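Visitor: Before any discussion, may the structure be displayed? A series of questions and answers will then follow.

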Amino acid sequence: MCITRDERTPQGGPLFPLLANLLLDDLDKELETHGHRFCRYADDCNIYVRTLVAGRRVKRSVTRFLEQRLKLKVNEKKSAVAPVDERPFLGYRLREDGTLAVASHSLERVKEHIRQITRRTRGVSVERVIHDLNGRLPGWVRYFRYEKYGSVFRGLDQWIRRRLRCYVLKQKKRPYTVARFLHTLGVLIERAWSGACQCRRCWKASQHSAVKEGMTVAWFNVQDLLSLMQQFESLQLLRKPPYTMSTYGGVGGRGT
């Protein structure tokens, strides 16, 4: 019997994963019957096969099963057949060697959050900005602790420090106050003035050697800025290596 659905559950709500699991349990059993390897969370599902040709065949059969048997509509815009490292899943992407990496859209999303927190027009102290960063970023690191390599966290640390240097320079406003500030941090007065003369262009000045000499990594540590790389390394000591799987192609999609 076919039942017409007049209302929908908001995606992301607490009830959504439960209802998705109830509806898609039959899909799990269907995939297991055919011996497919797959990962599914709520309505996000990646199916792993050996070739792209097999991926296209499986996509057609799965789409037919969802629409004809389960009466669900498949979102074709979010469904695709592609090499496994091109299909993100829950914010991660799977490399061909079976290890996990942060997906590019996840990295851009957290960078946008950081841009909002460190925007130069906020009008709050740098201590408040660092406090806001420390409140948001540790959870992001914990979620992506299964990233195989730490280069993404090291790169974010460097980028965050540069944005904070830019924020401080913008607050100081005039070359004189910038030079005096850098001098109090131990920079020779001549070098301090060299960096201060660039402060009109804050983003470029944030990479000046005198500015970096004053606002060092140690200085940011004193300001209680949490290091994403250090958090990542500490998490590696607490966890066991995750299960990995090496495959070539994958089918990924989402039903709505």
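**Core, strands and salt bridges**

Guide: In this predicted model, the largest nonpolar core has 43 residues, and those touching the most other members are Ile-114, Leu-133, Trp-140, Phe-153, Ile-160 and Leu-164.

Visitor: Which helix gives the largest share of this core?

Guide: The core in question is the one of 43 residues. Ten of its residues come from a single element, and this is the largest share. That element spans residues 151-172 and is helix 5.

Visitor: Which residues is Trp-140 in contact with, leaving aside its neighbours within four places in sequence?

Guide: Trp-140 is among the residues that touch the most other members of the largest core. With its neighbours within four places in sequence left aside, the contacts of Trp-140 are Val-102, Ser-106, Leu-107, Val-110, Phe-153 and Leu-156.

Visitor: How many residues does the other core hold?

Guide: Apart from the largest core lies another, whose members include Leu-27, Leu-31, Cys-45 and Ala-54. Leu-27 and Leu-31 are also among the buried residues of helix 1. The number of residues in this other core is 14.

Visitor: How far apart are the end C-alpha atoms of helix 1, and what span should its 18 residues give?

Guide: Helix 1 covers residues 16-33, and a rise of 1.5 Å a residue sets its expected span. The expected span agrees with the distance between the end C-alpha atoms, so both values are 26 Å.

Visitor: Where is the kink in helix 1 centred?

Guide: The kink in helix 1 is about 45°. The residue at its centre is one of the buried residues of the helix, a list that also includes Phe-16, Ala-20 and Asp-28. The kink is centred on Leu-24.

Visitor: Which elements do the buried residues of helix 1 pack against?

Guide: The buried residues of helix 1 are Phe-16, Ala-20, Leu-24, Leu-27, Asp-28 and Leu-31. Their packing partners are strand 1 (37-41), strand 2 (44-49) and helix 2 (52-69).

Visitor: Are the residues of strand 2 buried or exposed?

Guide: Asp-44, Asn-46 and Tyr-48 point one way from the strand, while Cys-45, Ile-47 and Val-49 point the other way. Six of the six residues in strand 2 fall in one class. The residues on both sides are buried.

Visitor: Which residue of strand 2 is the bridge partner of Phe-38?

Guide: Strand 1 and strand 2 pair in the antiparallel sense over five bridges. The two strands form a hairpin with two residues between them, and Ala-42 in the turn has a positive phi of about 55°. The bridge partner of Phe-38 in strand 2 is Ile-47.

Visitor: Which residues are joined with Arg-115 into one network of salt bridges?

Guide: The side chain of Arg-115 meets that of Glu-112 in a salt bridge at 3.4 Å, N to O. Both residues lie in helix 3 (residues 104-117), three residues apart, about one turn of the helix. Salt bridges that share partners join Arg-115 into one network with Glu-108 and Glu-112.

Visitor: Is Asp-132 buried or exposed?

Guide: Asp-132 forms a salt bridge with Arg-122, the closest N and O atoms being 2.9 Å apart, and another with Arg-128 at 3.2 Å, N to O. Arg-128 is partly exposed at 44% relative accessible area, and Arg-122 is partly exposed at 22%. A residue counts as buried under 20%. The relative accessible area of Asp-132 is 18%, so Asp-132 is buried.

Terms used: Residues are numbered from 1 along each chain as its sequence is written. This is a predicted model: local features need pLDDT of at least 70, side-chain atom pairs count only at pLDDT 80 or more; totals for chains, interfaces and linings use all residues. Side-chain values use heavy atoms; hydrogens and water are left out. A nonpolar core is a set of buried Ala, Val, Leu, Ile, Met, Phe, Trp, Tyr and Cys residues joined through side-chain atoms within 4.5 Å. Buried means under 20% relative accessible area, exposed over 50%, partly exposed in between (1.4 Å probe, protein chains only). Helices (H or I, at least four residues) and strands (E, at least two) are DSSP runs, numbered from the N terminus. Contact means heavy atoms within 4.5 Å. The expected span of a helix is 1.5 Å times one less than its number of residues. The bend at a residue is the angle between axes fitted to the seven residues ending there and the seven starting there. Two strands pair if DSSP finds at least two bridges between them. A salt bridge is a side-chain nitrogen of Lys or Arg within 4 Å of a carboxyl oxygen of Asp or Glu.
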